[in-house]
Amino acid sequence: MNVLRKIRKIIDTVNHWVGTVAKFTLIAILFCLSFEVIARYLFNSPTIWAMDMSLQFLCALGALGGAYALLYNQHVRVDVFWGSWSDKKRAVVDLCTSVLFFIYMCFMVYQTIIMAQDSWTFQERMASVFAPPLYYVKTLIPIGAILLLLQGIAKLIHDIMVLVTGQSEDMRYID
């Protein structure tokens, strides 16, 4: 059980820090869009790069933020029954539905790796005047999918530990 706990802690810690760093893309998005608004409306001199860069930062945030959201249980869920269930019942339901999660995530990882490889092969660029490269940001998508898959494994370990011990551990050990 200690080995599983250590694996879970490593995955949780990595995803905590990746998500924490990814949050800073919000500042980059804010800068790009604020710069564009000021340049466009105060100086009548719009940029060709601000929207493209903010979209790429948003893609990076979405790709890298999924595992962080799963770590802190922030994904959308229907709480009609969930809130009244015990920790063990939640773990059983999560274990049953995790099969679908893992099938979907394995397919997603595979497909996004192919997409990223194709983007690098063709040196894909955005279809805009600025035309920044897309292959860098498309590489973040399979990385994010892999991190989400790993976080699913950590959640699976957590659910197994809940069934064995009867106690749910929170994420307090991540500082």
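**Exercise 1. The largest pocket**

Name the helices that each supply at least two residues of the lining of the largest pocket, and pick out the one that gives the most.

*Solution.* Step 1: list the helices. They are α4 (79-82), α5 and α6, each with at least two lining residues. Helices are DSSP runs of H or I with at least four residues, numbered from the N terminus. Step 2: find the top contributor. Helix α5 gives the most, with 6 residues. Step 3: look at the whole lining. It has 21 residues. Those nearest the pocket centre are L70, V76, R77, D94 and T97. A pocket is an open set of points on a 1 Å grid over the protein atoms alone, where a 1.4 Å probe fits, with protein on both sides within 12 Å along at least five of seven lines; lining residues have an atom within 4 Å of a point.

A note on the model: it is predicted, so local features need pLDDT of at least 70 and side-chain atom pairs pLDDT 80 or more, while totals for chains, interfaces and linings use all residues. Residues count from 1 along each chain as its sequence is written, and side-chain values use heavy atoms, without hydrogens and water.

**Exercise 2. A salt-bridge network**

Which residues are linked with K155 in a network of salt bridges?

*Solution.* Step 1: fix the rule. A salt bridge needs a side-chain nitrogen of Lys or Arg within 4 Å of a carboxyl oxygen of Asp or Glu. By this rule the structure has 5 salt bridges. Step 2: take D94. Its side chain meets that of K155 at 2.6 Å, N to O. D94 sits in helix α5 (residues 87-121) and K155 in helix α6 (residues 135-165), so this bridge ties together parts 61 residues apart in sequence. Step 3: take D159. Its closest O atom is 3.1 Å from the closest N atom of K155. D159 and K155 are 4 residues apart in helix α6, about one helical turn. Step 4: join the pairs. D94, K155 and D159 form one linked network of salt bridges.

Step 5: check the surroundings. Buried means under 20% relative accessible area, exposed over 50%, and partly exposed in between (1.4 Å probe, protein chains only). D94 is buried at 12%. D159 is buried too, at 3%. K155 is partly exposed at 21%.

**Exercise 3. K138 and its partners**

Find the salt-bridge partner of K138, then say which residue of α5 is in contact with K138.

*Solution.* Step 1: find the bridge. K138 pairs with E124, with 2.9 Å between the closest N and O atoms. K138 is in helix α6, and E124 is in the loop between α5 and α6, so the bridge ties together parts 14 residues apart in sequence. K138 is buried at 17%, whereas E124 is partly exposed at 28%. Step 2: find the contact, meaning heavy atoms within 4.5 Å. M115 lies in helix α5. Beyond its neighbours within four places in sequence, M115 is in contact with K138 and I141. Step 3: add the spacing. M115 and I141 are 26 residues apart along the chain, and their C-alpha atoms are 9.1 Å apart. M115 is partly exposed, at 27%.

**Exercise 4. Aromatic pairs**

Is the pair of W120 and Y136 stacked or edge-to-face?

*Solution.* Step 1: set the rule. Rings of Phe, Tyr and Trp (its six-membered ring) pair if their centres lie within 6.5 Å; planes under 30 degrees apart are stacked, over 60 edge-to-face, the rest tilted. The whole structure has 8 such pairs. Step 2: apply it. W120 and Y136 have ring centres 5.3 Å apart and planes at 90°, so the pair is edge-to-face. It links helix α5, home of W120, to helix α6, home of Y136, across 16 residues. W120 is partly exposed at 36%. Step 3: try Y135 and Y136. Their centres are 4.7 Å apart and their planes at 45°, so this pair is tilted. Y135 is buried at 6%. Step 4: note one cluster, made of F31, F35 and W49.

**Exercise 5. R5**

Which residues does R5 touch, not counting those up to four places away in sequence?

*Solution.* Step 1: place R5. It lies in helix α1 (residues 2-22) and is partly exposed, at 29%. Step 2: list the contacts. R5 touches M161 and E169. Step 3: set R5 against Y135. The two are 130 residues apart in sequence and 36 Å apart, C-alpha to C-alpha.
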